[in-house]
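The following paragraphs go through the chains, their contacts and a few individual side chains. Please keep the structure open while reading.

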Amino acid sequence: MEIIISSNTSKPIYEQITSQMKAMIMNGELRTGDPIPSMRSLAKSIHVSVITVQKAYEDLQRDGFIETTVGRGSFVAARNRDFIQEELQKKLEEHLSLAAEAARTGGISLDKAIELLTLFYTEE
Amino acid sequence: MTYSLEIDNLTKTYPGSDFRLDNVSFSIPRGTIMGFVGENGAGKTTTMNAVLNIVKKDGGTIKIFGREMGDKDRDIREQVGVVFDGANFPEMLTPARLAKVMAGTYKQWDQERFLNMTARFNLDTGKKIGRYSRGMKMKLALAVALSHRPKLLILDEATAGLDPIVRDEILSVFLEFIEDEDHSILMSSHITGDLEKIADYITFIHRGQIRLTESKDRLIYEYGIVRCKAEQFRLIDRADMMAYRKRDYQIDVLVNNRAAFERKYGGMVVDRGSIDEIMLLLVKGGD
Amino acid sequence: MTGLVTSNFYSMQGNIKLSLMIALPIALVPFLLGDASMIPMIVAIQIFVFASNTGTSLKMDESSKWNKFEITLPVTRTAIVSAKYVSFMLLILLGLATSLVTVLLQSIRGELSFDLLFSGYSFGLQLSLMTIGIVYPLILKLGAEKSETLLFAAAGLSVALRFLLWYLLHLSDATIDFRSSEVDRVSLMVALAIFAASYAVSVMMYRSKELH
């Protein structure tokens, strides 16, 4: 597991932690049930204060990415497969609605839009 | 929440001096690092001295691990590690001999840990302490403080005058110490960059009074400094300002909720403040 | 407390060596000159040379700010003062041990005189106990910076007290002169009393002392 903390960005450190952890969970680098370092050991490793990591973990827990059990530490949450699906679908919907909006204002037909989407989808 | 150290309405005066600690109150939650900042003579050392019974307080209560520490409460001192600004060890001794002195004093003295720490810090335990450099003395003091397995570390300017490499090494040691959630640290420092890295909370003291205790992340991510012109300044509600400072061409205003301020007063520039800048405003500014 | 006494001795180690370098050779003086009347003075000096290290040790504790650190150790303030007085007594014992060389050399010459020895030991102990007894509370009050001056002043005062005691004894009994064993005995007892009182006073002072 790698976490890169930059002090040169306006993004708060706890957000840098949460976004990188989320990405690792979503791309499968971290799998359900995988242990993640304790707050205090992560704080030590990346040289930030405990309270900062604590906030990041609280956010991750709130969003359902990790679970913390007393005495056993934190793990990647079990329900996150469906959850990620949901997250991704939400993201897709957002982008598509933007695309639809653009198509409508540009006078591009639905068929043309579907054609374009199919092209992008099958390209890779 | 349980606290490792609770200071409540601490007052202290010295005969023949107009310095006064004025109802100083703050607490350190267990498992956290409290940074203690303020200019020279603001009362940091006096507060720490009062906590350690080195000076006698005039009033107020100080609780360490929930208990007031009197001269007889040796068991509390057994759990408190102290590093002063300067090593404070007899100069004629070598660290090896100092360890013998400590072994005869602390019940919990852990010689193996001491040897590990001195090795890690590259300290020559056979050399007289008087011939140590300042950096070496501070590292030795830290090794001693950690070798009796304390739960609370009280550090008065422990990283002052050290080069960045040594300071980074020492900060690692602090974060290692705090890995145990029963452990806490009170550290005063002029080097607010160090505190910005590792402290969980910051307490600002000015002329013997506590100006603010706040979580460091809130200070950095939620507090803000408004850069405004005189006419903009007049528009700001006094209740929304924590402190302000008039400069030649602009007025800096400290606010405790940057986002809310931006919503309420559109068009004003609000910067994220560093601990240094927030301190400057709290100390030099009016409110 | 053992830790504190150890620390005191480590701090004084250099001075103790120096004291030995002074105290040992002078044991030879009466032996080589064959002058037994010097014995009391030699023995007294040998003891006092060790006792006078107290000033240096206290000064070093203050300049290194060890004093301040000591308070944070898991010991009581009373124990800190006790450790000091134990160290003082051990210093005096070292002086006594060194003086045995003088006694030994004298016994080789076969000129051992109990009276002379008693007079020497009494004077050495009286001078040491009184000086330390007076100087330690003074240093607590005034600071260790001028410890040498204070030590000499206290030593002078101790000698003056011996004269005063002799004078008082002389008033009650005109046959008593300065070298009488009565003066030895009485001044030794007074010295012990001062040393004990000094300990009590120092403990009281230290309990309320503020260190910076």
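In this predicted model, Asp71(B) is partly exposed, with a relative accessible area of 22%. Asp71(B) forms a salt bridge with Arg77(B), and the closest N and O atoms of the pair are 4.0 Å apart. Arg77(B), by contrast, has a relative accessible area of 3% and is buried. Both residues are also in contact with Asn53(B), which further touches Met69(B), Gly70(B), Ile71(C) and Arg77(C), its neighbours within four places in sequence left aside. Asn53(B) sits in the loop between helix H1 (44–51) and strand E4 (59–64) of chain B. At 19% relative accessibility Asn53(B) counts as buried, because the limit for that class is under 20%.

The contacts of Asn53(B) include residues of chain C, which leads to the arrangement of the chains. Of the 2 pairs of chains that touch, chains B and C have the most contacts. Chains A and C are not joined by any contact, and their closest C-alpha atoms lie 27 Å apart.

Chain B can be taken next. UniProt, in an unreviewed entry, places the feature "domain: ABC transporter" at residues 5–232 of this chain. That span is 34% helix and 28% strand, with its end C-alpha atoms 42 Å apart.

One helix of chain B is H5 (134–147). H5(B) has 14 residues and reaches 20 Å from its first C-alpha to its last, close to the 20 Å expected at 1.5 Å a residue. Since 12 of these 14 residues are buried, H5(B) is largely enclosed by the rest of the structure. Among the buried residues are Leu140(B), Ala141(B), Leu142(B), Ala143(B) and Val144(B), and also Lys137(B) and Lys139(B). What do the buried residues of H5(B) pack against? They pack against strand E6 (80–83), helix H3 (95–103), helix H4 (111–120), E7 and helix H6 (164–177) of chain B.

H5(B) is followed by Arg149(B), in the loop that runs on to strand E7 (152–156). Phi of Arg149(B) is near 50 degrees, a positive value in a residue other than glycine. Most residues other than glycine have a negative phi. Arg149(B) is partly exposed, with a relative accessible area of 43%. Chain A offers another such case: His47(A), which is not a glycine, has a positive phi near 60 degrees. His47(A) is found in the loop between helix H2 (39–46) and helix H3 (50–62) of chain A.

Further along chain B, Lys216(B) belongs to helix H8 (residues 216–222). Lys216(B) is buried but has no salt bridge, and the nearest side chain of opposite charge, that of Asp217(B), is 4.0 Å away. A polar atom of the Lys216(B) side chain does lie 2.9 Å from the backbone oxygen of Glu196(B). With residues up to four places away in sequence not counted, Lys216(B) touches Ser49(A) and Thr52(A) as well as residues of chain B, including Leu195(B), Tyr201(B) and Ile275(B).

Salt bridges number 30 over all chains. One of them joins Glu115(A) and Lys112(A), at 3.9 Å from N to O. Both residues lie in helix H5 (residues 110–123) of chain A, 3 residues apart, about one turn of the helix. In an α-helix there are 3.6 residues a turn, so residues three or four places apart point the same way. Glu115(A) counts as exposed at 51% relative accessibility, while Lys112(A) is partly exposed at 40%.

Chain C holds a salt bridge between the side chains of Asp61(C) and Lys84(C), 3.1 Å from N to O. This pair links distant parts of the chain: Asp61(C) is in helix H4 (residues 53–63) and Lys84(C) in helix H6 (residues 77–109), 23 residues apart. Both Asp61(C) and Lys84(C) are buried. In chain B, salt bridges that share partners join Arg227(B), Arg247(B), Asp252(B), Asp271(B) and Glu277(B) into one network.

The helices of chain C come last. The unreviewed UniProt entry annotates residues 20–50, 85–105, 117–138, 150–168 and 188–206 of chain C as "transmembrane region". Residues 85–105 are 100% helix, with end C-alpha atoms 31 Å apart. Residues 150–168 are also 100% helix, and there the end C-alpha atoms lie 26 Å apart. Helix H7 (residues 114–142) has 29 residues and should span 42 Å at 1.5 Å a residue, which agrees with the 41 Å between its end C-alpha atoms. H7(C) is mostly covered, with 22 of its 29 residues buried. Gly143(C), which follows H7(C), has a positive phi near 95 degrees.

Technical notes. Residues numbered from 1 in each chain as written. Chains lettered and ligands numbered in written order. Predicted model: local features only at pLDDT ≥ 70, side-chain atom pairs only at ≥ 80, totals over all residues. Heavy atoms only, no water. UniProt positions renumbered as here; feature names shortened; annotations may be inferred. Helix = DSSP H or I, 4+ residues; strand = E, 2+ residues; numbered from the N terminus. Expected span 1.5 Å × (residues − 1). Buried < 20%, exposed > 50% of the residue type's maximum accessible area, 1.4 Å probe, protein only. Lys, Arg positive; Asp, Glu negative; His and termini not counted. Polar contact = N/O pair within 3.5 Å; in protein donor to acceptor, adjacent residues only side chain to side chain. Contact = heavy atoms within 4.5 Å.
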